[in-house]
Structure formats: structure tokens, C-alpha cells
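Visitor: Could you take me through one part of this protein up close? I am new to this, so please explain the terms as you go.

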Amino acid sequence: MEWLTRIGEDIGSVMDRDPAAQSRLQVFLCTPGLHAVWVHRIHHWLWRRGWRLTARMLSQGTRFWTGVEIHPGAQIGRRLLIDHGMGVVIGETAVVGNDVTLYQGVTLGGTGSASDSVKRKRHPTLCDGVFVGNNANILGDISIGENSRVGAGSVVLRDVPPNSTVVGVPAHIVYRNGQRVLITDPHEVKDPLSDALIALADRVEKLEIQVGCPCEEPNTFAAEDYERAAYRDEVELSRDYVSMGEGI
């Protein structure tokens, strides 16, 4: 039967993607994120057939039981992994693709007033293979592209292209297609302090011109990466002599 196939897929995806999973029986009995997804399929079936009050009431019981709140109207794909699950909120018009991973505290939230809530999509769309770190907030009718990653604690307010990694508040791209992205123009920083950063950068540039200071190339992460690698090598060399905090 189709529903048994889906349950088997879900358990298999947890076994593949969660290193804490020790057996299929343990996953079946002790994974609240899976329980929330399974029950949501019933709620969504009721929602689409007009039993909306019943679906909402049942979803509130699931919220109490699992710590995961999935609105019955949300569209959930196959093999969704909600790891730990506590505090996850998925809004009514959210769309979640296949093989998506959400950690605890993730919010797929909406924007818009109650007057236009029925008329338009207000929640995000997560395409296949998206990974969202704990306590991240993805807000509004935006899209997170295939195989993209959202860092823990980030607040995403704009579309994210495929194969990208975003971090920050508000989130900005730091990796794309495996390449590190360096922001050199303050105009690219979509932050409440952007205007102050732009004014400061312009002022520094004018002062450098006045004093005849040679313009330096934009700083890259090469020096930072070199220092990090050197530190790790030093730690490895001293591992036999220095306690690394074992047993703490």
C-alpha cells in the first residue's frame, strides 16, 4: 500500500541522514518529527476535503504531542526529516519539497494581513534537498533553491538560488556552487545598518584619497583560512601533551 511505502521511505531517510538513529524500530517509535509528518498527511487530507475545523483541532493535539506545529494546509513532500523537532512551525501556505531537512526551532513563517490571507501565498517554498539549521526563520513568499543550506539562527527574507549557503540576520549568500562569495560592496549588505556602512565606507575612501593612501585590494578569506589551518596543525601536534577537555 502507498502509505506503507511512504512510512518505509521516511524511516529509511532518517537512517541515512541521522547519525543518532540506531535501528528502524527506534526511529519508528522515538522520532517525533516523523510522527508529526505522518499525522499531518491525515490532517492535510481532511483539510483538502473541507473538514478544516477538524483538521485544525487534530493538528493542535499533534503539536502538544510532538512539539511540531504543521498547519493542515501546508504541502509536504516525501522524506522530510524534522530532526529533534521541538519548536518547528510550518505555516498554512508553505510548500516543502522532497528530501528536506529541518532542525529544531525552524519557522517557515508568513507575512501579510488577515484581510488578504486567503487571496495569496504568504509562506515560503523549500525546493528539494534543502537543509535548514536550528532556529532559522524563513519568512514570506520566497523560494529556497534546490540543495541550498540555511545556517542556524539565520533570518531569510529574500529568494535563495540553488546550491547556495546563506547565513546572517538578514541572511546573505556565503557559498554558491561550492565557491565562497565575498561581499566587497556595502550596498550588497541588506541590513538595517546598511546606510551607515555605506556612508562610513565612502568617508574612508575620501580620506584615503586626501592623504594619498594607496588603495589595497579587497581582503579575501585566504589569510583567515591559512591561520585556521595552521592552528589546527598546531593542535594536532600538541594533542599528545595537552588535554583537549576529554571527559568534560
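Guide: Happily; here is a walk along one helix, followed by a visit to one strand. Please keep in mind that this is a predicted model, where local features need pLDDT of at least 70, side-chain atom pairs count only at pLDDT 80 or more, and totals for chains, interfaces and linings use all residues. Residues are numbered from 1 along each chain as its sequence is written, and side-chain values use heavy atoms, with hydrogens and water left out.

Helices (H or I, at least four residues) and strands (E, at least two) are DSSP runs, numbered from the N terminus. Our helix is α3, residues 32-48. The expected span of a helix is 1.5 Å times one less than its number of residues. For the 17 residues of α3 that gives 24 Å, and the end C-alpha atoms are 24 Å apart, which agrees.

Now look at its surroundings. Buried means under 20% relative accessible area, exposed over 50%, and partly exposed in between (1.4 Å probe, protein chains only). In α3, 12 of the 17 residues are buried, among them W38, H43 and W47. The cover over these buried residues includes α1 (2-17), α2 (24-30) and α4 (52-66), along with the strands β1 (69-70), β2 (75-76) and β3 (81-82). Just after α3 comes G50, with a positive phi of about 90 degrees.

Next, strand β14 (residues 164-167): S164 and V166 make up its covered face, T165 and V167 its uncovered one. Two strands pair if DSSP finds at least two bridges between them. β14 is joined to β12 (residues 149-150) by 2 bridges, running parallel, and to β15 (residues 172-176) by 4 bridges, running antiparallel. V166 stands opposite V150 and also opposite I173 in β15.

Methods
Contact means heavy atoms within 4.5 Å.
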